[in-house]
Amino acid sequence: MTASHDIRATSSGLFANTAARRKANMGQFIRWLVLMVLGIAMVMPIVYMISTSLKWPHEIYDVSLIPQEPHLENYTYVLEDGRFYGWFLNSLVIAVITTVSNVIFDSLVGYTLCKFRFPGRYIVFIAILSTLMIPTEMLVIPWYLMSQSFGWLDTHWGIMFPGLMTAFGTFLMKQFFETVPDDFIEAARIDGLNELQIWWTVAMPLVRPALAALAIFVFLGNWTAFIWPLIVTNSWDMYTLPVGLSTFADEADVAWELVMTGAAISTIPTLVVFLIFQRFIIRGVVMAGLKG
Amino acid sequence: MSNLIIRDLVKAYGNTEVLHAINLEVKAGEFVVFVGPSGCGKSTTLRLVAGLEEVTSGEIEIAGRVVNNLEPKDRNIAMVFQNYAIYPHMTVRKNIGFGLRAAKMPRAEKDKRIEDIADILGMSDLLSRKPSQLSGGQRQRVAIGRAMVRDPAVFLFDEPLSNLDAQLRTQMRLEIKKLHQRVGATIVFVTHDQVEAMTMADRIVIMKDGHIQQIGTPSEVYHTPANAFVAGFIGSPAMNMLAGEVSNGRVTLEGGGTIDIPDLPNGRHPIHLGVRPDDLHPVEGPGLIEGPVTLQEPLGHETLIYVGGTQGEIIAKADGRLPPPVGTHVALGATAENVHLFDPETGVSLR
């Protein structure tokens, strides 16, 4: 709000004559319009999701955003259907464990690649990065064969194992550790910490914003993952939330109002995760211990 | 007793040798300053002593123990970094106490030690602050406190003042010197600032290209520089260097000026004559060198004058009230005991 006022204040000062000012206002108007359209485009699916979850089955193909007779029957139905809690729990367990695992192991590898000089370091880094180019769709078959031979099919571990570490997370953390000055690490080394302690007590707190970002990415990614959990699970009670919700569709029909209700409920944990971690995303924490 | 002995220390990165057989003994309680232009190897030497880099060959002995193969934490040293490197996520108390983490010591004793150090540094009321709430000088003091708390055999300072502004730098310089007098610690201090070196050191080690050029007290390196590099590096403004020739006890400069110097070796050979601006003044009659005044820099009680001559610009000192005006022709002279002679090939001092 203040920003827009400032801009207007300067532009009125700069463009003393009215024609120029009108032109500036026009530019301002177009900018706002574009932002508004983009904003609406982003919010619409969420609004539509909530609206559909409040509709009766007969009106779900009605594009109107406002339900004719809004009701909460769908929520009662989904929440009373015992399976939903199981799926929710599966998703929660998997997303939490993968998030913790990524935060620890991605940063451990990223830190090593960033702060230690050893032969083959660059090759290892490139090898890790190159896996980013392989799409999930190509990996599910080897993952499946692997799970099958290890007996991991239809288990939590089977769902989780491909995501316990990610190349993206490793890369992200490596780049962030570059911002941690070596002086900190050397000071800690002189102060008598071993390398693992330095990583944990000195380096990790300094990259907290990156860890928060990584946690949000990984949590969301696993919370919404669909293809792999669908393939690796067979039984109702091992389904994750997205897979479970898809079962509200059968050959003849999709119960969209129920799918949307489940989806609406499943956004709650992602909001919670975001609210918890976004306050850690504060820039410039690292610099405070250095020259000001 | 020596707290730190460096013997034939060599450091090479691959095939490039950056330190060539450094030898030095630092006595207990001595304040030694390494000074030199960037890339001269002074910081590398310090990092080798700290154990942050591996020694290629030679020996480092701290408090009577060869420490070549010891980890930094086992070397009985503490280091203060240029960037302070105090941990931003910890309070001042935690930062200072950080070095004691590993030490097995009752908690009450640790707290007492931290408070004593804070008291010495005048930071007792800042112990619960975070680094972001401190000024640059206070942060540097925390870094010094963190080093002091461990009571090491040798303190290592790696250009700790170069991030501070000029006024604060002068102040911290004094504080560190007072601290040294009070605590009597053995300090090895690295800087590129020769003023810092001169004002703080008991002994100065001047380095260039991985070689020690001279080791001596501030007065020794100033008054009897071992070679032309030391002569030019120490002192501000820098010493004037003039090409000339010596024959039979008399030096004749290329511009024609002469000066008689006793105890000169016989024979006739080229020479470089060095004279500090402090020792070069306008004189009546024929001087060492002559030329027009091109610029004045009034400093109050005296004025620096820049004099153009056949050998480039020469800096000399003139009276503060009545310096020769710009454009006038002046003759500059110095006394024989204040000039230095160097071999033009090797730069080695000849007297």
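A residue is buried if 20 or more other C-beta atoms lie within 10 Å of its own. This cut-off underlies the burial values in the legends below, all of which describe a predicted model.

**Figure 1. Chain A is built from helices, without strands.** Chain A holds 14 helices and zero strands. Read from the N terminus, its elements run α-α-α-α-α-α-α-α-α-α-α-α-α-α. Of the 292 residues in chain A, 28% are buried. Contacts in chain A with a separation of 6 or more are largely made across the sequence: 75% of them involve residues 24 or more positions apart.

**Figure 2. Helices α9 and α10 of chain A pack against each other.** Helix α9(A) covers residues 182-190, and helix α10(A) covers residues 195-206. Their axes lie 10 Å apart, at an angle of about 155°. Because angles over 145 degrees count as roughly antiparallel, α9(A) is roughly antiparallel to α10(A). The crossing of the two helices is right-handed. On the α9(A) side, the contact is made by Phe184(A), Ile185(A), Ala188(A) and Arg189(A). On the α10(A) side, Ile198(A), Val202(A), Ala203(A) and Leu206(A) take part. By class, this contact of α9(A) with α10(A) has seven nonpolar residues, one charged residue and no polar ones.

**Figure 3. Chain B combines helices and strands.** Chain B contains eight helices and 20 strands. Its C-alpha trace spans about 75 × 45 × 35 Å along the principal axes. Buried residues make up 43% of the 351 residues of chain B. Take the contacts in chain B between residues at least 6 apart in sequence: 63% of these join residues at least 24 apart.

**Figure 4. Helices α4 and α5 of chain B pack side by side in a roughly parallel arrangement.** Helix α4(B) spans residues 136-148, and helix α5(B) spans residues 166-183. The angle between them is about 30°, and their axes are 10 Å apart. Angles under 35 degrees count as roughly parallel, so α4(B) is roughly parallel to α5(B). Their crossing is right-handed. Gly136(B), Gly137(B) and Gln140(B) of α4(B) meet Leu168(B), Gln171(B) and Met172(B) of α5(B). This contact of α4(B) with α5(B) has four polar, two nonpolar and no charged residues.

**Figure 5. Chain B touches chain A.** On the chain B side, 23 residues are in contact with 19 residues of chain A. Strand β6(B), residues 77-80, supplies the largest share of the chain B side, three residues. By class, the side of chain B that touches chain A has 15 nonpolar, six polar and two charged residues.

**Figure 6. The largest nonpolar core has 131 residues.** Within this core, Val33(B), Met79(B), Leu156(B) and Val188(B) touch the most other members. Helix α11(A), residues 208-223, gives the core its largest share, eight residues. A close-up of Met79(B) shows contacts in both chains. Leaving aside residues up to four places away in sequence, Met79(B) touches Ala187(A) and Ile190(A) in chain A. In chain B, Met79(B) touches Ala50(B), Ala147(B), Leu156(B) and Asp158(B). Apart from the largest core lies another, of 12 residues. Among the members of that other core are Phe84(A), Leu258(A), Val259(A) and Ala263(A).

Notes
Residues are numbered from 1 along each chain as its sequence is written. Chains are lettered from A and ligands numbered from 1 in the order in which they are written. This is a predicted model: local features need pLDDT of at least 70, side-chain atom pairs count only at pLDDT 80 or more; totals for chains, interfaces and linings use all residues. Axes are lines fitted to C-alpha atoms, for helices over the stretch in contact, and angles run from 0 to 180 degrees between N-to-C directions. Helices (H or I, at least four residues) and strands (E, at least two) are DSSP runs, numbered from the N terminus. Angles under 35 degrees count as roughly parallel, over 145 as roughly antiparallel, 65 to 115 as roughly perpendicular and the rest as oblique. A crossing is left-handed if the near helix is turned anticlockwise from the far one by less than a right angle, and right-handed if clockwise. Two residues are in contact if their C-beta atoms, placed from the backbone, lie within 7 Å. Ala, Val, Leu, Ile, Met, Phe, Trp, Tyr, Cys and Pro count as nonpolar, Asp, Glu, Lys and Arg as charged, and the others, Gly among them, as polar. A nonpolar core is a set of buried Ala, Val, Leu, Ile, Met, Phe, Trp, Tyr and Cys residues joined through C-beta atoms within 7 Å.
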